[in-house]
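The following paragraphs offer a guided reading of a protein model, moving from individual residue pairs to the contact between chains. Please keep the sequence and the structure in view while reading.

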2 protein chains.
Amino acid sequence: MQDFNEYLKEKKEIFEKRLFEIFDVVTENSPEILKKSMRYSLEAGGKRLRPILTYSVSEALGGNLHDALTIGCAIEFIHTYSLIHDDLPAMDNDDYRRGRLTNHKVFGEAVAILAGDALLTDAFFILSNSDFYEEISKEKQLKIIEIISKAVGSTGMVAGQVLDIIFENKFFTKDEVDKIHQNKTAKLIEASCLSGAIISTNDSMKIEKIRNFGFKIGLSFQIVDDLLDVIGDEKSLGKKVGKDMEKGKATYPACMGVEKSKEIAEKLVSEAKKEIEFLGEKGKILSSIADFFVKRVSWWEF
Amino acid sequence: MQDFNEYLKEKKEIFEKRLFEIFDVVTENSPEILKKSMRYSLEAGGKRLRPILTYSVSEALGGNLHDALTIGCAIEFIHTYSLIHDDLPAMDNDDYRRGRLTNHKVFGEAVAILAGDALLTDAFFILSNSDFYEEISKEKQLKIIEIISKAVGSTGMVAGQVLDIIFENKFFTKDEVDKIHQNKTAKLIEASCLSGAIISTNDSMKIEKIRNFGFKIGLSFQIVDDLLDVIGDEKSLGKKVGKDMEKGKATYPACMGVEKSKEIAEKLVSEAKKEIEFLGEKGKILSSIADFFVKRVSWWEF
């Protein structure tokens with residue numbers, strides 16, 4: 001496990017170096033306050049799991065790692081925008097995230113909304129600008145823009161956010177929670193893996209397996225997130241817990257209890273790991289990441 | 001002038017047919033409330049000048065009009081998102097736009113923010129999905145995504161919005177107003193024209209001239225917008241006037257008075273028209289659109 005932690009730490013560093021390199025290029029002529037606000041939230045990043053997934057998938061399939069990092073940067077921009085908007089008073093109204101004040105608490109609502117808008121838009125500039133890539137083909141570059149925009153648009157992440165709000169304090173079924181989680185979280189994690197596969201191989205069977213892997217661990221990730229809100233520790237998480245229940249959110253634990261939710265998350269991860277058996281030894285890291293997606297639960301307790 | 005009005009009306013209809021065709025495809029699996037909110041603002045559209053510019057530039061240069069309409073749809077999605085976010089309480093706090101309640105007054109702030117996010121994201125799905133195009137090359141498709149994302153991101157439209165807020169009730173110079181207007185408005189209008197040119201020709205001199213044309217009329221458009229807020233008629237505009245002064249916005253009239261502002265807008269349009277002299281007879285419509293960009297001032301008065 002030590003090795004794996006070292007791996008995550010090292011890739012996080014490699015990724016963040018590239019993230020701020022690209023950030024500086026992209027925002028070179030932006031107003032100071034906008035740059036600060038965007039950077040504030042980019043710096044507040046967690047483990048960078050999404051870009052690391054793109055990277056590790058490419059690594060396992062022998063793809064170009066420079067290009068994987070570029071795509072990872074765009075994905076992290078998008079993930080960061082979603083957190084900024086999600087925290088707004090009109091949305092989840094959170095004052096803290098990862099132990100720091102949320103963007104709008106520091107920069108005000110107007111700048112926070114605009115910083116989110118800019119991160120989302122700039123993500124597509126990163127994805128479409130060939131200067132940020134080494135060897136990707138135009139066709140694959142376009143395909144990845146299509147996949148990512150689909151994963152986070154009106155039938156993806158934004159749909160999930162809308163459903164999340166709609167079902168607050170309403171009766172909900174397992175199917176509805178599934179739909180929220182798939183859209184809100186799983187699709188972007190799926191897209192992170194899928195992009196890594198697309199730049200690395202033309203084998204559609206392999207690509208499909210990686211896609212399934214991503215979707216399954218993505219869904220388990222959100223289930224675990226829900227669980228952490230019930231059984232997690234405020235200090236380790238850097239945010240308040242118990243908020244979901246307070247707000248009557250449609251979550252897995254609320255729907256089927258803690259034990260059953262853990263079971264489902266573990267089952268998803270074990271299915272995900274089966275999908276990447278074709279990678280053999282090369283799939284070891286991805287397998288560990290999948291485990292990590294559920295084991296976070298107990299890790300936080302130590 | 002009758003002919004030109006007919007032209008605008010006809011192109012508006014052609015464009016809107018395609019807009020809602022594409023909208024229905026893109027949002028087929030979106031939550032109902034999100035779809036309604038997005039559609040509400042798309043339907044509240046004005047003259048559709050940006051997509052018509054893409055169309056008319058392509059028409060003048062013999063480009064594929066189907067593809068021009070696709071790009072126009074994405075641009076209108078982006079323009080619409082910017083209006084929804086701009087109207088939010090944390091931003092300009094407007095209750096009405098074009099005579100109708102603003103999005104957040106109808107759907108609430110959370111859904112309005114998300115509808116804006118979805119429109120912006122879906123714009124890039126439209127631009128990257130080959131099903132929406134007839135003959136554009138992958139290379140040009142990517143180029144257009146790059147141009148548009150640049151025009152509206154952290155060094156484009158969003159930068160303009162941020163500066164617009166920063167300079168409220170502050171001392172400002174003409175250079176600063178220029179910078180706000182260029183970013184807030186001119187760059188997207190420039191990109192609308194430029195995209196039409198790119199899909200229609202490989203002649204870089206022609207493309208450059210069309211770009212200049214777009215930028216100049218784009219800047220004049222914002223100056224006229226500022227003027228309408230001072231001398232326009234509330235009923236014809238469908239929104240309150242005098243708001244800029246009330247809020248201490250950095251505008252042309254506030255900077256150099258009404259007459260001088262009119263003069264600059266007219267000069268820009270006349271320079272823009274010079275840029276497209278190379279089109280000869282085929283540039284007639286673009287020339288009329290350029291005139292229309294400033295003549296709106298007096299038109300509203302009748």
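With which residue does B:Arg48 form a salt bridge? In this predicted model, the partner is B:Glu76, and the closest N and O atoms of the pair are 2.8 Å apart. B:Arg48 is located in the loop between α2 (32-43) and α3 (49-60) of chain B, whereas B:Glu76 belongs to helix α4 of chain B, so the salt bridge ties together parts that are 28 residues apart in sequence. Both partners are withdrawn from the surface: B:Arg48 is buried, with a relative accessible area of 3%, and B:Glu76 is likewise buried, at 2% relative accessibility.

Other salt bridges may be considered in turn. Over all chains, the count comes to 50. In chain A, A:Asp92 is paired with A:Lys247, with 3.8 Å between the closest N and O atoms. Here A:Asp92 lies in the loop between α4 and β1 (96-97) of chain A and A:Lys247 in helix α12 (residues 243-247) of chain A, so this salt bridge connects parts that are 155 residues apart in sequence. A:Asp92 has a relative accessible area of 14% and is buried; A:Lys247, at 19%, is buried as well, the limit for this class being under 20%. The pair also belongs to a wider arrangement, in which salt bridges that share partners join A:Asp92, A:Asp164, A:Glu168, A:Lys184, A:Lys247 and A:Lys249 into one network.

A salt bridge within a single helix is found between the side chains of A:Lys35 and A:Glu32, at 3.6 Å from N to O. These two residues of helix α2 of chain A are three residues apart, about one turn of the helix. The geometry follows from a general property: an α-helix has 3.6 residues a turn, so residues three or four places apart point the same way. A:Lys35 is buried, with a relative accessible area of 18%.

In chain B, attention may turn to B:Asp164, a residue of helix α8 (residues 157-166). The side chain of B:Asp164 makes a polar contact of 2.6 Å with that of B:Lys249, and a further polar contact, of 3.3 Å, joins it to the side chain of B:Lys184. Apart from residues up to four places away in sequence, B:Asp164 touches B:Ile180, B:Lys184 and B:Lys249. B:Asp164 is buried, with a relative accessible area of 4%.

The helix that carries B:Asp164 shares this character. Eight of the ten residues of α8(B) are buried, so the helix is largely enclosed by the rest of the structure. Which elements surround those buried residues? They pack against α4 (65-87), α7 (138-152) and α9 (174-200) of chain B, and also against α2 (32-43) and α6 (109-128) of chain A. The buried residues of α8(B) include B:Met157, B:Val158 and B:Leu163.

This packing leads to the contact between the two chains. Chain A can be laid on chain B with an RMSD of 0.0 Å by a turn of 180° and a shift of 0.0 Å along the axis. That is the relation of a two-fold axis. Of the interface residues of chain A, 98% are also interface residues in chain B, so the copies meet through the same surface.

In this interface, 46 residues of chain A are in contact with 45 residues of chain B. The area buried between the two chains is about 3900 Å², and carbon and sulfur atoms give 76% of it. In chain A, the residues that lose the most area to chain B are A:Leu114, A:Leu142 and A:Ser154, together 16% of what that side buries. Zero salt bridges are found across the interface of chain A and chain B, but ten residue pairs there are in polar contact. On the side of chain A that touches chain B, α2, α4 (65-87), α6, α7 (138-152) and α8 (157-166) each supply at least two residues. The largest share, twelve residues, comes from α6(A). By type, the residues of this side divide into 25 nonpolar, 14 polar and seven charged.

A final residue is B:Phe293, in helix α15 (residues 284-300) of chain B. B:Phe293 is buried, with a relative accessible area of 0%. Beyond its neighbours within four places in sequence, B:Phe293 is in contact with B:Leu49, B:Leu53, B:Ile189, B:Ile217, B:Ser220, B:Phe221 and B:Val224.

Conventions. Residues are numbered from 1 along each chain as its sequence is written. Chains are lettered from A and ligands numbered from 1 in the order in which they are written. This is a predicted model: local features need pLDDT of at least 70, side-chain atom pairs count only at pLDDT 80 or more; totals for chains, interfaces and linings use all residues. Side-chain values use heavy atoms; hydrogens and water are left out. Copies are superposed by least squares on the C-alpha atoms of residues with pLDDT of at least 70 in both. Contact means heavy atoms within 4.5 Å. Helices (H or I, at least four residues) and strands (E, at least two) are DSSP runs, numbered from the N terminus. Buried means under 20% relative accessible area, exposed over 50%, partly exposed in between (1.4 Å probe, protein chains only). A polar contact is a pair of N or O atoms within 3.5 Å; within protein, one must be able to donate a hydrogen and the other to accept it, and residues adjacent in sequence count only if both atoms are side-chain atoms. Buried area is the accessible area (1.4 Å probe) that two parts lose on being put together, summed over both. A salt bridge is a side-chain nitrogen of Lys or Arg within 4 Å of a carboxyl oxygen of Asp or Glu. Ala, Val, Leu, Ile, Met, Phe, Trp, Tyr, Cys and Pro count as nonpolar, Asp, Glu, Lys and Arg as charged, and the others, Gly among them, as polar.
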